[in-house]
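The exercises below are to be worked with the sequence and the coordinates side by side. Each task is followed by a solution that goes step by step.

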Amino acid sequence: MSRIRSVATATVRDRRAFLAATGAVSLSAGIGLALRPGTGEAAAHTASTQGQPLAVSRPAPAAPLAPYTRGTTLSTVAVPRGGSGYRRLGDGPAWSRVVRGDLAAPKAGRGERRTALAAFVQFTDLHLVDVQHPLRYEYLRSQTASAWRPQEALSVPGAVSLVERVNALRGAPVTGSPLHFVMTTGDNTDNNAKTELDWFLKVMSGGRITPNSGDPNRYEGVQNSDLKLYWQPDAALRDADKQLGFPRIDGFLAAAIRELRSPGLNLPWYSTVGNHDSLPGGCYAPGDSFFADFAVGGKKLMTLDESEGVAIWNNVRKGGDPKGAAFKAMLKSQARKMRSVTPDEGRAPFTPAEYLQAHLDPAHTGAGPVGHGYSQANLAAKTQYYTFRIADGLIGVSLDTTDPGGHYEGSLGTAQLRWLERTLKAAEKNKEHVIVFSHHTSKSMRNLNKDPAHPGERRHGGDEVLALLGKYRPVLAWVNGHSHKNKITPHSAPDGRSFWEVSTASHIDFPQLARVIEIVDNHDGTVSLFTTLIESGAPHGTDFADLTQTGLAALYRELSFNAPGARTDLSGEAGDRNTELVLRKG
């Protein structure tokens, strides 16, 4: 493996490298093209946003131009100690960097020639969870481990700790250049609930958060239900998880709903929408009055007979009930088994317009930009896709791959696909590079349910998107999430056009990772993308008596490792983690 070298002494050779150190600029709202200020497309965009100036993000704090490993998985990674049962975590050996030449041969001496073009951080699948929400289907835990996780009550302190980690980074790990922004690639919330959206925006932009709903003074959910199906942390009950070694932690639930504070990112951040942000349960078509009323109501189902659970889960998994008819019928049939909880209007589902409005709220601007990629033009056009400038010669494209017709897998409508093609054509004409962001991966875009608002519009799956991206040389990478697993896939065409698909693990399932991505010009006809995984800032070790904000974030990680039924392959292979991805420059 070739040694990664910095460009601390390299001369900044062109304006592109200079602007890469000045932050990102918001460009377009998903209704047209805006690739170069001063062009006709940019002028059209200015008109569409009613004269609003382009939002220029603040650059990250100055960082030394030197590589480093501290605070990344190049230094240490959380690993289990001990042999069986509930296992405590501690510091483990680092993950090394792997050079991948699948798309282009890495050339000797590139470390000395290299200049940085841009660097950013990807968050994905934060799944900030209102764990007391009536529409949650924890009772399906026996069918799928993702229905309920022992760590979920701590998703907010876990996400805040991830923000703290990013704020502490000294620039980009390989080149030392400033980090320009954070992009979160969807499933920022879990239940499409207004409570969760408020928590997410405050985590990212800063503020005080009380991760509680319903009764303001106490927790009302499955973890104090005295049901053995769920870990009862404060109780002596020997539930199913305690039988596996999970601890009793007095005061856990009171700590989990206690107010905490996020400093907010010290970087500009951008937002991409995921299916859990758009659809009730992450899979049912939105706008159903029954689901909306149930979400804010005073009844919650906590148990379900095994046979009914299997039937409901099979329906969800196969996408056979996108409008939730069977799910609604089941809830109605279980009315007598439901438990009373405190109603809360804050749990109402948010609409796409409300999602945009919340991002545009000045209270959530934080380090910027205003709207975090979205604009008033998105509101007017009813779109959730846009472009933004990362650096001179490099633009970002954020897609909306959720399907309003329902189902947890994704697709694009024809209008968005055509917009994407126009964007790529303009980038090719202007000799710009492109990074594409979405929630769904290419393999999880197989859902072609019709959009109820556009019943005559075709939906297009991952294969069509791959074919489109492969037609245009500007595309360097497609960065996404959804799968909860680290996976890096090369995509190439016979004529030499190529790009990397970079899929990153979730921050709710172990190993709870985010990813730093650096783009460099090797000045030898190739470009390298460096990917470096980071954990949250919480220590690997835990103390069950430490219920501070930091202690809860550490416990969040350890509980996720021990969650019964959790997959053990989500960190991916070595070539999916810390890498140098080489490809030919278009």
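**Exercise 1. A helix pair**

Which residues in α8 meet which residues in α10?

Solution. The model is a predicted one, and the contact is read from it in steps.

Step 1. On the side of α8, the residues are F290, F291 and F294, and on the side of α10 they meet F327, K328, L331 and K332. Sorted by character, the residues of this contact comprise five nonpolar and two charged ones, with no polar residue among them.

Step 2. Two packed helices are described by the angle between their axes and the distance between those axes. For α8, which spans residues 289-296, and α10, which spans residues 325-333, the axes come within 11 Å and the crossing angle is roughly 45°.

Step 3. Angles under 35 degrees count as roughly parallel, and 65 to 115 as roughly perpendicular; α8 and α10 are therefore oblique to each other. The handedness completes the description, the crossing of α8 and α10 being left-handed.

**Exercise 2. A sheet and the helices across it**

Determine the strand order of the seven-stranded open sheet, and then place helices α4 and α5 against its strands.

Solution.

Step 1. The order is β4-β22-β21-β20-β5-β6-β9, and the pairing is mixed. At the edges stand β4 (98-100) and β9 (269-272), each of which pairs on one side only, while the twist from one strand to the next averages 20°.

Step 2. Taking the pairing at the β9 edge, strand β6 (residues 181-185) runs in the parallel sense with β9, over four bridges, and V182 stands opposite W269 in β9.

Step 3. Helix α4, residues 155-168, lies across β5 (115-123), β6, β20 (514-521) and β21 (526-534), and its direction makes an angle of about 165° with β5. Helix α5, residues 194-205, lies across β5, β6 and β9, and runs at about 155° to β9.

**Exercise 3. A loop residue**

Is S536 buried or exposed, and which residues does S536 touch?

Solution.

Step 1. S536 is found in the loop that lies between β21 and α15 (549-562).

Step 2. The relative accessible area of S536 is 5%, and buried means under 20%, so S536 is buried.

Step 3. Leaving aside residues up to four places away in sequence, S536 touches G158, S161, L162, R165, H507 and R557. For one of these, R557, the separation from S536 is 21 residues in sequence, whereas in space the two are 8.8 Å apart, C-alpha to C-alpha.

Terms used. Residues are numbered from 1 along each chain as its sequence is written. This is a predicted model: local features need pLDDT of at least 70, side-chain atom pairs count only at pLDDT 80 or more; totals for chains, interfaces and linings use all residues. Side-chain values use heavy atoms; hydrogens and water are left out. Axes are lines fitted to C-alpha atoms, for helices over the stretch in contact, and angles run from 0 to 180 degrees between N-to-C directions. Helices (H or I, at least four residues) and strands (E, at least two) are DSSP runs, numbered from the N terminus. Angles under 35 degrees count as roughly parallel, over 145 as roughly antiparallel, 65 to 115 as roughly perpendicular and the rest as oblique. A crossing is left-handed if the near helix is turned anticlockwise from the far one by less than a right angle, and right-handed if clockwise. Contact means heavy atoms within 4.5 Å. Ala, Val, Leu, Ile, Met, Phe, Trp, Tyr, Cys and Pro count as nonpolar, Asp, Glu, Lys and Arg as charged, and the others, Gly among them, as polar. Two strands pair if DSSP finds at least two bridges between them. Buried means under 20% relative accessible area, exposed over 50%, partly exposed in between (1.4 Å probe, protein chains only).
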